[in-house]
Amino acid sequence: MRDRAPAPYVDRLARNGWCIMPDALPAQRINRLDDDLAEAFERAPYCRGPFYGETTKPLGRLPLRFVHSEALICHERILEIVHHFLAPWCDHVQLNTTQAIAIDPGAPAQAPHRDQDMCHGPKGEMEYLLNVIWPLTPFNPDNGATRLWPGSHGSAAIEGDAPHEEQAVSPVLAPGSALLFPGSTLHGAGANRSGSVRRAAVIGYSLGWLKPYENPWLAYPPQVARHFSSELAKLAGYVQHRPNLGHFEGQCPSTLLTGGPELMTGPRDALLLEQAEMVEAYCRAQQVPG
């Protein structure tokens with residue numbers, strides 16, 4: 001049996017900037033999701049612009065559209081890896097995006113990029129994101145498999161060297177496996193030189209205090225999210241991040257999934273440890289009950 005404990009995967013992510021979890025889910029489950037998506041992909045419009053690709057079709061809000069997507073989003077071992085990798089910089093992680101992507105035959109290669117560049121903060125000192133690509137069809141270098149530049153992550157992301165195509169790798173992946181890489185890793189979809197469509201689901205996670213790529217409260221309003229599992233609801237933003245970030249009327253927004261605003265109590269502190277210690281020290285100094 002393969003070792004699926006998080007530590008080896010976290011180590012590979014830190015060392016190489018990407019890793020593969022083989023046989024993360026049964027291929028039959030992935031095939032069911034691919035079947036679920038077929039009609040929606042048929043109706044979906046193509047992207048506009050050279051970055052997204054005018055031969056590419058995206059489908060967002062996967063938890064709302066496809067019940068089988070929760071097995072990918074809330075995969076226990078992958079969430080352990082996500083938490084281990086991003087935990088140094090946050091209390092909770094959240095969904096950054098959930099989408100499926102279809103790339104038609106003849107599609108050119110996507111421009112190499114780093115997803116962290118959407119975050120206007122210091123680079124090379126911390127990680128903001130972790131992406132997981134689940135192939136819905138087999139990935140290979142001929143049909144547009146994701147290209148990655150090993151060692152391009154972390155502090156290397158601030159060096160600004162132009163990428164060399166010959167340094168990229170295009171992992172061969174089967175449905176059921178998962179490709180993980182942080183937001184600092186240089187990557188891009190490859191050219192689809194085959195005669196078939198390349199499809200994948202992309203589940204992105206981010207630091208819980210960061211504004212996500214996909215607006216979760218519009219994508220999954222309370223009347224939708226109250227039907228989610230507790231794990232999925234937290235990932236979709238229904239959890240408060242210290243210090244009181246993302247609250248609703250001073251309460252954790254998960255209240256909206258149960259009692260609702262009519263059961264609200266007064267706002268309650270949810271402070272970082274150093275803030276709580278500062279407040280406690282001030283109260284002691286002022287002889288004010290803490």
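The paragraphs below lead through a predicted model, beginning at a helix early in the chain and moving on to a pocket, a buried acid, some backbone features and the salt bridges.

A convenient place to begin is helix α1, which spans residues 6-16 and in which Pro-6, Tyr-9, Val-10 and Leu-13 are buried. These buried residues cover an arc of only 100 degrees around the axis, which puts them on the same side of α1. The cover over the buried residues of α1 includes the strands β1 (19-21), β4 and β6 (178-182), together with the helix α5 (76-86). Just past the end of α1, the backbone at Gly-17 adopts a positive phi of about 90 degrees.

From this helix the reader can turn to the largest pocket, whose volume is about 750 Å³. Among the 34 residues that line this pocket, those closest to its centre are Tyr-52, Gln-99, Ile-101, Gln-110 and His-113. Two or more lining residues are given by each of β2 (56-60), β3, β4, β7 (187-189) and β8 (198-207), and the largest share, 5 residues, comes from β3.

The loop between β3 (93-103) and β4 (129-135) holds Asp-104, a residue whose surroundings deserve a closer look. Asp-104 is buried and yet has no salt bridge, and the nearest side chain of opposite charge, that of Lys-57, is 6.0 Å away. Since a salt bridge requires a side-chain nitrogen of Lys or Arg within 4 Å of a carboxyl oxygen of Asp or Glu, the 6.0 Å to Lys-57 does not qualify. Leaving aside residues up to four places away in sequence, Asp-104 touches Tyr-46, Thr-55, Asn-192 and Val-197.

Several residues stand out for their backbone geometry. Arg-61, in the loop between β2 and α3 (62-65), has a phi near 55 degrees, which is a positive value in a residue other than glycine. With a relative accessible area of 31%, Arg-61 is partly exposed. Glu-249 likewise is not a glycine and has a positive phi of about 55 degrees; the residue is placed in the loop between α8 and α9 and, at a relative accessible area of 54%, is exposed. The loop between α8 (230-235) and α9 (273-286) also contains Pro-243, which is joined to Arg-242 by a cis peptide bond with an omega of about 0 degrees.

Arg-242 leads on to the salt bridges, of which the model has 6. In one of them the side chains of Asp-91 and Arg-242 meet, with 2.6 Å from N to O. Asp-91 lies in the loop between α5 and β3 while Arg-242 lies in the loop between α8 and α9, so this pair ties together parts that are 151 residues apart in sequence. Asp-91 is partly exposed, with a relative accessible area of 31%, and Arg-242 is partly exposed as well, at 33%.

Another salt bridge brings together the side chains of Arg-193 and Asp-142, at 3.5 Å from N to O. Because Arg-193 lies in the loop between β7 and β8 and Asp-142 in the loop between β4 and β5, the pair ties together parts 51 residues apart in sequence. Here Arg-193 is exposed, with a relative accessible area of 58%, whereas Asp-142, at 45% relative accessibility, counts as partly exposed.

A further salt bridge joins Arg-147 and Glu-165, whose closest N and O atoms are 2.8 Å apart. This pair links distant parts of the chain, with Arg-147 in strand β5 and Glu-165 in the loop between β5 and β6, 18 residues apart. The partners are set in contrasting surroundings, as Arg-147 counts as buried at 7% relative accessibility, while Glu-165 counts as partly exposed at 47%.

Two long separations complete the tour. Gly-151, in the loop between β5 (146-148) and β6, counts as partly exposed at 40% relative accessibility and touches Asn-16 and Ala-156, not counting residues up to four places away in sequence. From Gly-151 to Ser-229 the distance is 37 Å, C-alpha to C-alpha, across 78 residues of sequence. Met-278, placed in helix α9, counts as exposed at 57% relative accessibility, and its C-alpha atom is separated by 43 Å from that of Ser-69, 209 residues apart along the chain.

Methods: Residues are numbered from 1 along each chain as its sequence is written. This is a predicted model: local features need pLDDT of at least 70, side-chain atom pairs count only at pLDDT 80 or more; totals for chains, interfaces and linings use all residues. Side-chain values use heavy atoms; hydrogens and water are left out. Helices (H or I, at least four residues) and strands (E, at least two) are DSSP runs, numbered from the N terminus. Buried means under 20% relative accessible area, exposed over 50%, partly exposed in between (1.4 Å probe, protein chains only). Lys and Arg count as positive and Asp and Glu as negative; His and the chain ends are not counted. Contact means heavy atoms within 4.5 Å. The arc is that of the directions from the helix axis to the C-beta atoms. On a 1 Å grid over the protein atoms alone, a cavity is a set of points where a 1.4 Å probe fits but cannot get out, and a pocket is an open set with protein on both sides within 12 Å along at least five of seven lines; lining residues have an atom within 4 Å of a point. Grid points are joined across faces, edges and corners, and a volume is the space filled by probe spheres set on the points.
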